[in-house]
Structure formats: C-alpha cells, structure tokens
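Dear colleague,

I am passing on the structure we spoke about, and below it you will find my notes on what turned up when I went through it. Please read them with the structure open beside you.

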Amino acid sequence: MPNFIVRCGIYRTLHVLQARDDYRRGTKVIARTPRGLEVGEVLRDCDERLASEMANAPTGNIQRAVTPQDQAEITKIASTAKTEFQTCKRIIEELHLPMELVDIEHLFGGERIVIYYLSEDRVDFREIVKRLASEFQTRIEMRQIGVRDEAKLLADYGDCGKPVCCNTHLSQMPPVTMKMAKLQKSTLDPTKISGRCGRLKCCLRYEYDTYEELQRELPPIGAEIVTRVGRGRVLGHEILAQQVLVATEDNRRILIPAQDVLTVLRKSDSRSSKPMQTGSEPLADEE
C-alpha cells in the first residue's frame, strides 16, 4: 500500500498515512489518525528517504477523498465553530478560571473537541470539562499552549508581507536565540526582530548555520595576523562578504578580503574579546 504525507488539523501536523488508492498533491481527504477522523490535505507521496526522516510522525490511513457529503459536514462544523467558541468562553468566565481561550478544534468524526488555551497557572478542569461535555455531547480535550503556538493558530502575515512561517511550512518551532541575531548583525531593536508571537523571529534561524560555517573560515576577533599590507589585529568580520576589519601597526583601520590574510600569529581568547560591529547598530549584551 502506498504511503502519503498528509497535513491534518488546525495545527497543520504532518502525518505519514497509508492508502489503498493513489492521490494527487492538494487532494482533500478524510483520514483516520491517532486523534480520530480528520480532514487532511495530501502533500506528496512518501518514499523510503522521507519515511526514514519522518519516523516519528503520526501514522494512520486515508479513508477516502472528500465527497460532496463530507464537504457539507465540514461546512456545518465551521459554521458552528463561532457558537462553540462563545459557549466555551462564557463557561470559563462563569467559573472564573485563570485561562485565556485561544481556539477550538472540532474533529470531523465528532470524537472530540479540542480546547486550546493560554495560562500561567495550573487550572482545575473538572467542572469545565463536565459542563462542556454536557453542552456539546462529545469528548472534551483541554490543551495548554504557549505564545508561539498561539501565533501558529491565529497569526496571518509577518513583517515580510508573507504568511507567517509557523502557519505554513514549519512543522516544528526551531529554537531561536539572541546570539543568532548578533552573528547576522541584525538590528537588536526588539520591535524589529520579534515575530507576531512577541518572541524572536523564526527566520533568524534559517541562515545561522551558514553564517557559523563562513565565520569559521575567518581569523578570530582579536587575533594578531600578517596581511598583504603588513601586520595587524582583527577587530571585526563582514561574514557574508568574507572580509576582515583590521587595525594596522600605523593605527589605521582597513577592511581587507579574507584571502589577503597570510598568517595568523596569535589567536586571542574569544571570551575576552568583544566583536566590533561595523554597522551603525551597537551590539547589546547577550541575554
């Protein structure tokens, strides 16, 4: 039986699903996953290489392509989502629970309704689950999420003008640190390097490995070097341009190509040497 990579649920989780028939990319399907019956979108067939890379992905099987009857049920579920959200919000307020309702997901098969929420404190769900189960006549699952997950569910467009990465192609949230912004000499203004979630933008992670690889080819900050124009000390890097800012023996500062560095005489302790940024933005201390 052929396998396909299928994206399911409002979390857009990637599944590896078996099927009896062949499906084209973009086909809407009804799939049986570990959560129950869900609506999914076929992304592509799953060969051996992808299967090994996605060994931990949820599995299941494709039941059928979405039929007109299925589409009518999907439309009905979507039309009741706003009412279900307001009902849940009302019950939370009546019970004075310390939580913020983010979204509700009603599975296609009706096996459960998943409640996504934010909370800094531990919440006693016994009463709300009891009341919601009575209201909706199905199983209720409470799922606490973080601010990045909230953006994945609700955000639309980023500062770049394109749909946010977390809600399109990213299957996992990559760890992002201030070190990545500093290495790429991004502005350190929090309002410019923060995404819709209020955390550092995921795109700071994309080119970080390339920057690290290119930086390893340059003499370290503070190193004593011999260049084609004489001896000097490394003050800073232009990593992508593969250039080095050098203080010469006659107190000049010049920017030279990395290939003009003939010898590294002494490498300084990188922990005691602070990189110099050649742009207009000063470097901030790492958090």
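A disulfide is counted here when two cysteine sulfur atoms lie within 2.5 Å of each other. By that rule the count for this model, which is a predicted one, comes to 0 disulfides.

Why do Cys8 and Cys197 form no such bond? The cysteine sulfur closest to that of Cys8 belongs to Cys46 and is 13 Å away, so the two are too far apart for a bond. For Cys197 the closest cysteine sulfur is in Cys202, at 6.4 Å, and this distance is likewise too far for a bond. Cys8 is also buried, with a relative accessible area of 2%.

The strand that ends with Cys8, β1 (residues 3-8), is mostly covered, since 5 of its 6 residues are buried. As a general point, the side chains of a regular strand alternate between the two faces of the sheet.

Which strands pair with β1? One is β2 (residues 13-18), which runs antiparallel to β1 over 6 bridges, with Asn3 standing opposite Gln18 of β2. The hairpin formed by β1 and β2 has 4 residues between the strands, and within this hairpin Gly9 takes a positive phi near 75 degrees. Another partner is β4 (residues 36-45), which pairs with β1 in the antiparallel sense over 5 bridges, and here Ile5 is found opposite Arg44 of β4.

Strand β4 also holds Glu38, a residue you may wish to look at in the viewer. Is Glu38 buried or exposed? Glu38 is buried, with a relative accessible area of 3%, and its side chain makes a polar contact with the side chain of Arg35 at 2.6 Å. Leaving aside residues up to four places away in sequence, Glu38 touches a set of residues that includes Cys8 and Gly9, as well as His15, Val29, Ile30, Glu105, Leu107 and Phe108.

Turning to helix α4 (residues 147-154), the buried residues there are Arg148, Ala151, Lys152 and Leu153. In general, an α-helix has 3.6 residues a turn, so residues three or four places apart point the same way. What do the buried residues of α4 pack against? They pack against two strands, β6 (100-106) and β7 (112-118).

With best wishes

Definitions and conventions: Residues numbered from 1 in each chain as written. Predicted model: local features only at pLDDT ≥ 70, side-chain atom pairs only at ≥ 80, totals over all residues. Heavy atoms only, no water. Buried < 20%, exposed > 50% of the residue type's maximum accessible area, 1.4 Å probe, protein only. Pairing = 2+ DSSP bridges. Polar contact = N/O pair within 3.5 Å; in protein donor to acceptor, adjacent residues only side chain to side chain. Contact = heavy atoms within 4.5 Å.
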